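Me: I am new to this structure and would like a close look at a single part of it, taken slowly. Please pick one helix, describe its surroundings, and then move outward from there.

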Amino acid sequence: MELQGHLLYIDITQICGIGCAFCMYAEKHKVGMSMELSALSRENLATLINEPTVKRISISGEGEPLNNIKVFHEILNLSNGGKRFEFITSGFLPHAKMVEFFNETDRIVTSNGDTCNIRLSADSHHIEKVKWRAHGFSLDYLKRHQPSGLSFSFRSIDTDRKFTRRFLTQELQSWGISANINELGPLEDELVVGQERFGIDYKNLVRPNVGTPHGYLNMYDYIAAIEAKVKKRFTFGSLNQSPQGNGMDVTIKPNGDVYLYGIETQCLGNMHLDRLDWPRLQALLLSDPLARTLYTQPFTDLLNQLEKPNLVHSIITRVNNPYWLVKELVRHDGILQAWEDA
């Protein structure tokens, strides 16, 4: 298996005070932890970040990553240059604090020869909870300060497409910024401001509540939309546009545990305790039958191999996301045996 174009997700905190109704990590927020970096973890992260085949390093959290800015900036400083970072946030800080955050982030990435895209949540779950909204403010900052290392984009969920389009255009108008929306497909729009384009990515609704109105993508439609976008069948891992091969999709939790994204049946190590590099992680992937199957075989084909179709269907309907589905299926003894034996 040749793997290229890896994704590295680093969850730097579980702390969050926003309280979105849909959040999958809400139970961790009251007693959650934030990542701290040890000497060994710095070495490991530097090794993983600076591997030439890593296409993006995404900093987020099982909470709001602005609650751990110190570690975010420490991670940026581990780069040797030429890297694409991403920071996913609600942007909840007062604007003066956001200016400080943007300025320091831009200073670090520019001095290292990197870039960082700030992805702002623009769905109804976040907007109604955030007093200091960063959407119009951020594009105003971009215009006024012209940071050389920062860019901005937006993220939402598919049920909120109309809400997000209306909110962003109205919010920008309040900052004197005229914007239009180009609808590109079920998973993406672009916000047009003059000659500039800002991406809007949509994720499908995970664990829809009973009574949620129709209109969201079911899991199969979501997978089909991803396949149309990348022009290949959906497997786990870092999906790259055809004909490029796929890569590894690795996530590091706030306590340092390392997993393949969406496959949390086997911890691959801990960045504070183990020596980590991409060849070692790939060897662990190949040695795990479940992970190897999920990385090499189309996911919808695999679903057809499972026994207990009524149970599987009910779980798919309830979870509505391929990455969360595996976490749920593994709780049922024997249900994934066909994949592990493949």
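Reply: What follows starts with one helix and then moves outward to its neighbours and to some other places in the chain.

The model is a predicted one, and the part chosen for the close look is helix α6, which covers residues 135–145. Eight of the eleven residues of α6 are buried, so this helix is largely enclosed by the rest of the structure. The buried residues are His135, Gly136, Phe137, Ser138, Leu139, Asp140, Tyr141 and Leu142. Just after the helix comes Gln146, which takes a positive phi of about 45°.

Within this helix, Ser138 is a good residue to follow, since its place in α6 goes together with a relative accessible area of 0%. Buried means under 20% relative accessible area, and Ser138 is therefore counted as buried. If neighbours within four places in sequence are left aside, Ser138 is in contact with Phe102, Leu120 and Phe152. Of these partners, Phe102 leads to the next helix, for Phe102 is among the residues of α4 that meet α6.

Helix α4 spans residues 95–112, and it packs with α6 at an angle of about 50°, the two axes being 11 Å apart. Angles that are neither under 35 degrees, nor over 145, nor from 65 to 115 count as oblique, and α4 and α6 are therefore oblique to each other. The crossing in which α4 passes α6 is right-handed. On the α4 side the meeting residues are His95, Met98, Val99, Phe102 and Asn103, while on the α6 side they are Phe137, Ser138, Tyr141 and His145. Taken by kind, the residues of this contact divide into five nonpolar, four polar and no charged.

Helix α4 also packs with a second helix, α3, made of residues 69–76, and here the axes come within 10 Å and cross at roughly 15°. Since angles under 35 degrees count as roughly parallel, α3 and α4 are therefore described as roughly parallel to each other. The crossing of α3 past α4 is right-handed. In this contact, Ile69, Phe72, His73 and Leu76 of α3 meet Phe101, Glu104, Thr105, Ile108, Val109 and Asn112 of α4. The residues of the contact of α3 with α4 divide into six nonpolar, three polar and one charged.

Going on from α3, one comes to the loop between α3 and β3, the latter being residues 84–89, and in that loop lies Lys83. Lys83 has a relative accessible area of 7%, and this residue is therefore buried. Not counting residues up to four places away in sequence, Lys83 touches Ile49, Asn50, Glu51, Pro52, Val54 and Ile57, and also Gly113, Asp114 and Thr115. One of these partners, Pro52, is 31 residues away from Lys83 along the chain, and the C-alpha atoms of the two are separated by 8.9 Å.

Further along the chain there is the loop between α8 and β9, which holds Lys231. Although Lys231 is not a glycine, its phi is positive, at about 65°. Its relative accessible area is 57%, and Lys231 is therefore exposed, whereas Lys83 is buried. The loop between α8 and β9 also includes Pro243, which is joined to Ser242 by a cis peptide bond with omega of about 15°.

The last stop is helix α12, residues 309–319, in which Val312, Ile315, Ile316 and Val319 are buried. Seen down the axis of α12, the buried residues fall within an arc of 100°, so they line one face of the helix. On the other side of α12, Asn310 and His313 are exposed. The buried residues pack against α8, α11 and α13, which are residues 219–230, 299–303 and 322–329 in turn. Positive phi values are found on both sides of this helix: Lys308, in the loop between α11 and α12, has a phi of about 55° although it is not a glycine, and Asn320, which follows α12, has a phi near 65°.

Note on methods: Residues are numbered from 1 along each chain as its sequence is written. This is a predicted model: local features need pLDDT of at least 70, side-chain atom pairs count only at pLDDT 80 or more; totals for chains, interfaces and linings use all residues. Side-chain values use heavy atoms; hydrogens and water are left out. Helices (H or I, at least four residues) and strands (E, at least two) are DSSP runs, numbered from the N terminus. Buried means under 20% relative accessible area, exposed over 50%, partly exposed in between (1.4 Å probe, protein chains only). Contact means heavy atoms within 4.5 Å. Axes are lines fitted to C-alpha atoms, for helices over the stretch in contact, and angles run from 0 to 180 degrees between N-to-C directions. A crossing is left-handed if the near helix is turned anticlockwise from the far one by less than a right angle, and right-handed if clockwise. Ala, Val, Leu, Ile, Met, Phe, Trp, Tyr, Cys and Pro count as nonpolar, Asp, Glu, Lys and Arg as charged, and the others, Gly among them, as polar. The arc is that of the directions from the helix axis to the C-beta atoms.
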